[in-house]
Amino acid sequence: MKKILLAALVAAPVLGMAAEPENPDSTGFTFTDVKVIPHSPVRDQNKSGTCWCFAGTSFFENEILRKTGKEVDLSQMFTVRHCYNDKAQKYQRMGGTINFAQGGSIMDVPYVWKRYGAVPLEVYQGLEYGEAKHDHYEMADVLTSYMQAIAKPGRKKLSPAWKAGLDGILDSYLGELPEKFTYQGKEYTPRTFADAMGLDMNDYVPVTSWTHHPFYEAFPVEVADNWLWAPYYNVPMEEMKAIVDNSLEKGYTIVWAADVSEPGFQWTKGYALLPKAKDAGGMDGTELSRWVKLSDKDREAERYTITGPCKEQKVTQESRQQGFDNLETTDDHGMVIVGKATDQEGNRYYKVQNSWDTNQLYDGYFYVSEPYFLAKTIDILVHRDALPKDLRKKLGL
């Protein structure tokens, strides 16, 4: 996912099943939580393009909570550190022709967990550069410059010292990776700690929905940050939505990768909508005469002047695909769907946990309409047991 950066965080408590309606406010919305799955607190990625890791890490914290009842605060930067190393080696082998950036995909966290393990946050915070919160601008620039030199076109032979140089940069900014550590009175390695959490990474299923590949087969989603070329199961969009609904009904949260560049994505106001375009139909008198004099730009701006629940676009598989093909739907951000809600008119929403601080209307959460989800989802990650039984059969799971 592309880097979407904000500032600091005050941690929110683990949430229960449902909440009281939000008080009406200047946005014109009153959201009522119908169901909220118990989950870990809001985290803060601050000035780092690591939403994919914060989302994935929170998801697996939720899974540990679901399975054991234990709250665990896992290190995001342990995963980031390993991904940078492996991403750099792939970038070098590909002669610098693939993406090398801060972003990643929702499959990067299970990849590191399975390959290298995991550690608690208190063991590896990744803050070795004099800041209290993550700020990766300088590190990312240094790493990019270094790897561009290593993968310089025309190089006849590469010195084996380059890997030590890369480790030196990563160690300086994020810290040396722990081989052993003590946590709550027990000694672990990253491998034994991950194993002790009781999760099997083979239980987690990535899902997407695009028509340029056959349904019910897997393919690597063609976005730059899928550097692993990880395959995702392809299903019709309504079945992708059914997976989310079934997951929430059965008590599972969901990793959600989506486009958040739309004008209807209003983070500070706490919602994401896909408003239907306004037209002259039904207008008369002064309203119509004002409308016909507006420029295209002003009409578009008025479309996104949202004062409460509104009519939204009808999303089809074809319109969803068109958005992806023409780059209107892009791979922007990773988040966690933790519940469902309604507005005062009964319209349905997903409650989403973000990693962008809590200085926002709903303390780090926002509400995503079903049309927005259908149109702007890139992919999701769920536990296999959260899949509807008929779909598991179609996918051979």
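**Close-up views of a predicted model**

**View 1. Gln317 and its surroundings.** Setting aside neighbours within four places in sequence, Gln317 touches Ser209, Trp210, Thr211, Phe215, Pro236 and Met237. The model shown here and in the other views is predicted. Gln317 belongs to helix H10, which covers residues 317-325. Its relative accessibility is 12%. Buried means under 20%, so Gln317 counts as buried. One of the contacts of Gln317 is with Ser209. Here the two side chains form a polar contact of 3.0 Å.

**View 2. The whole chain, for orientation.** The chain holds 12 helices and 13 strands. It has 397 residues, and 54% of them count as buried. Consider the contacts in the chain with a separation of 6 or more: 76% of these come from residues 24 or more positions apart.

**View 3. Tyr111 in helix H3.** Tyr111 sits in helix H3, residues 108-115. Which residues does Tyr111 contact, leaving aside its neighbours within four places in sequence? They are Asp86, Tyr116, Trp227 and Leu228. With Asp86 the link is polar: side chain meets side chain at 2.5 Å. His82 lies 29 residues from Tyr111 along the chain. The C-alpha atoms of Tyr111 and His82 are 9.8 Å apart.

**View 4. Helix H3 and its cover.** Of the 8 residues of H3, 6 are buried, so the helix is largely enclosed by the rest of the structure. The buried residues are Asp108, Val109, Pro110, Tyr111, Val112 and Trp113. What covers them? The cover includes helix H1 (51-68), H2, helix H6 (190-196) and strand E13 (377-383). Just after H3 comes Gly117, with a positive phi of about 100°.

**View 5. Helices H2 and H5 packed together.** Helix H2 spans residues 76-93 and helix H5 spans residues 162-174. Two packed helices are described by the angle between their axes and the distance between the axes. For H2 and H5 the angle is about 155° and the axes are 11 Å apart. Angles over 145 degrees count as roughly antiparallel, so H2 and H5 fall in that class. Their crossing is right-handed. From H2, the residues that meet H5 are Met77, Val80, Arg81, Tyr84, Asn85, Ala88, Gln89 and Gln92. On the H5 side they face Trp162, Lys163, Leu166, Asp167, Leu170, Asp171 and Leu174. H2 also appears in View 4, as part of the cover over the buried residues of H3.

**View 6. Strand E10 and its partners.** Strand E10 runs over residues 333-342, and 8 of its 10 residues are buried, so the strand is largely enclosed by the rest of the structure. Which strands pair with E10? Strand E1 (residues 32-36) does so in the antiparallel sense, over 4 bridges. Within that pairing, Asp33 has Ala341 of E10 as its bridge partner. Strand E7 (residues 254-258) is also antiparallel to E10, with 5 bridges. There Ile254 is bridged to Ile337 of E10. Strand E11 (residues 348-353) is antiparallel to E10 too, with 6 bridges. Ile337 stands opposite Val352 in E11. Ile337 therefore appears in two pairings, with Ile254 and with Val352. In a regular strand the side chains alternate between the two faces of the sheet.

**View 7. The hairpin of E10 and E11.** How many residues lie between the strands of this hairpin? The number is 5. Gly346 in the hairpin has a positive phi near 90°.

**View 8. Tyr216 in a loop.** Tyr216 lies between strand E4 (204-208) and strand E5 (218-220), in the loop that joins them. Tyr216 is not a glycine, yet its phi is positive, near 70°. Is Tyr216 buried, partly exposed or exposed? At 28% relative accessibility, it counts as partly exposed.

**View 9. Leu327 in the loop between H10 and E10.** Leu327 is found after the helix of View 1, in the loop between H10 and E10. Its phi is near 70°, a positive value in a residue other than glycine. Exposed means over 50% relative accessible area, so Leu327, at 64%, counts as exposed. Gln317 in H10, by contrast, is buried at 12%.

Technical notes: Residues numbered from 1 in each chain as written. Predicted model: local features only at pLDDT ≥ 70, side-chain atom pairs only at ≥ 80, totals over all residues. Heavy atoms only, no water. Contact = heavy atoms within 4.5 Å. Polar contact = N/O pair within 3.5 Å; in protein donor to acceptor, adjacent residues only side chain to side chain. Buried < 20%, exposed > 50% of the residue type's maximum accessible area, 1.4 Å probe, protein only. Pairing = 2+ DSSP bridges. Axes fitted to C-alpha atoms, helices over the stretch in contact; angles between N-to-C directions. Parallel < 35°, antiparallel > 145°, perpendicular 65-115°, else oblique. Left-handed = near helix turned anticlockwise from the far one by under 90°.
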